[in-house]
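Open the model in your viewer and keep the sequence panel beside it. This tour goes from selection to selection.

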Amino acid sequence: TDLSGETWTLSFEWAACGGCNNKPDHTTLKAGDATLFDLSGNSNWNTTVTIIYTGSDGSKTLPVPGCDKSNRFTAAVGDQYNTTTYWHHIVVTGSAEGVKMTITNSSTGAAVVEDVVLSETNVNPTSLIIEPCCGGGIGIDALSLTYEE
């Protein structure tokens with residue numbers, strides 16, 4: 001598809017909590033067979049996840065609340081979704097200038113990555129894949145995809 005005259009924006013709030021049993025979860029944005037980014041590594045009661053992307057620095061870590069190892073996923077861990085420290089606003093935009101991503105912490109507004117180039121050309125986002133892991137969880141809020149000509 002020729003997207004040279006179009007602009008698109010994918011915007012959502014994202015949070016996760018720690019997983020268990022070495023089974024990481026993933027939140028992946030694909031364009032055809034190409035992966036634009038993959039949030040992964042939330043396993044074994046970790047307190048960070050890694051977002052891997054094709055930009056110049058390649059990856060960043062994002063904080064998440066760890067799972068209670070003795071109780072697996074508990075209400076107390078789930079309640080931590082109410083803490084904006086663990087929420088991140090992810091915005092991916094496509095235009096004639098390529099595809100760029102900005103991630104800001106929803107609590108502080110601080111940029112984790114800003115205008116990282118995921119693709120030198122505009123691509124059609126084909127799927128947002130969400131795979132919660134064993135004993136963990138992923139929350140997405142206010143998901144929107146807009147196209148403009």
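Start at Asp115. Select it and show its surface: Asp115 counts as partly exposed because its relative accessibility is 47%, and the cut-off for exposed is over 50%. Asp115 sits in strand E8. Now check its backbone. Phi is positive here, about 55°, although Asp115 is not a glycine. Most residues other than glycine have a negative phi.

Keep in mind that this is a predicted model. The mean pLDDT of the protein is 76, and 68% of the residues score at least 70.

**Stop 2: across to E7**

Which residue reaches the backbone nitrogen of Asp115 with its side chain? Select Thr102: its side chain comes to 3.0 Å from that nitrogen. Thr102 belongs to strand E7. Beyond its neighbours within four places in sequence, Thr102 contacts His89, Ile90, Val91, Val113, Glu114 and Asp115.

Color by confidence for a moment. E7 has the highest mean pLDDT in the protein, at 91. Helix H1, residues 75-79, has the lowest, at 53. Where pLDDT is low, the predicted coordinates should not be read in detail.

**Stop 3: the E7-E8 hairpin**

Show E7 and E8 together. They pair antiparallel over five bridges. Ile103 of the pair stands opposite Val113 in E8. Follow the chain through the five residues between the strands and stop at Gly109, which takes a positive phi near 80°.

Now pick Thr104, also in E7. Setting aside residues up to four places away in sequence, Thr104 touches His88, His89, Gly109, Ala110, Ala111 and Val112. Draw a C-alpha to C-alpha distance from Thr104 to Val91: the two are 13 residues apart in sequence and 8.7 Å apart in space.

**Stop 4: Met101 and the core**

Select Met101 and expand to its contacts. Residues up to four places away in sequence aside, they are Phe37, Ile51, Tyr53, Ile90, Val91, Val92, Val113, Glu114, Asp115, Val116 and Leu118.

Which residues have the most contacts inside the largest nonpolar core? They are Trp14, Phe37, Ile90, Val92 and Met101, in a core of 25 residues. Strands E1 (7-17), E2 (26-31), E3 (34-40), E4 (48-53), E6 (88-95), E7 (98-105) and E8 (111-119) each supply at least two residues of this core. E1 gives the largest share, five residues.

**Stop 5: E1 against E6**

Select E1. Is this strand mostly covered or uncovered? Covered: nine of its eleven residues are buried. Add E6, which runs antiparallel to E1 and is joined to it by seven bridges. To see one such pairing, pick Phe12; its bridge partner in E6 is Ile90.

**Stop 6: Ala142**

Jump to strand E10, residues 137-148, and select Ala142. Phi is positive here too, about 55°, and Ala142 is not a glycine. Ala142 is exposed, with a relative accessible area of 55%.

**Last stop: the whole chain**

Zoom out. The protein has one helix and ten strands. From the N terminus, the order is β-β-β-β-β-α-β-β-β-β-β. Of the 149 residues, 42% are buried. Turn on the surface: the accessible area is about 7,300 Å², and carbon and sulfur atoms account for 47% of it. Finally, show the contacts between residues at least 6 apart in sequence; 56% of these join residues at least 24 apart.

Definitions and conventions
Residues numbered from 1 in each chain as written. Heavy atoms only, no water. Helix = DSSP H or I, 4+ residues; strand = E, 2+ residues; numbered from the N terminus. Buried < 20%, exposed > 50% of the residue type's maximum accessible area, 1.4 Å probe, protein only. Contact = heavy atoms within 4.5 Å. Areas by Shrake-Rupley, 256 points an atom, 1.4 Å probe, with all protein chains shown as cover. Core = buried A, V, L, I, M, F, W, Y, C linked by side-chain atoms within 4.5 Å. pLDDT = per-residue confidence, 0-100. Pairing = 2+ DSSP bridges. Polar contact = N/O pair within 3.5 Å; in protein donor to acceptor, adjacent residues only side chain to side chain.
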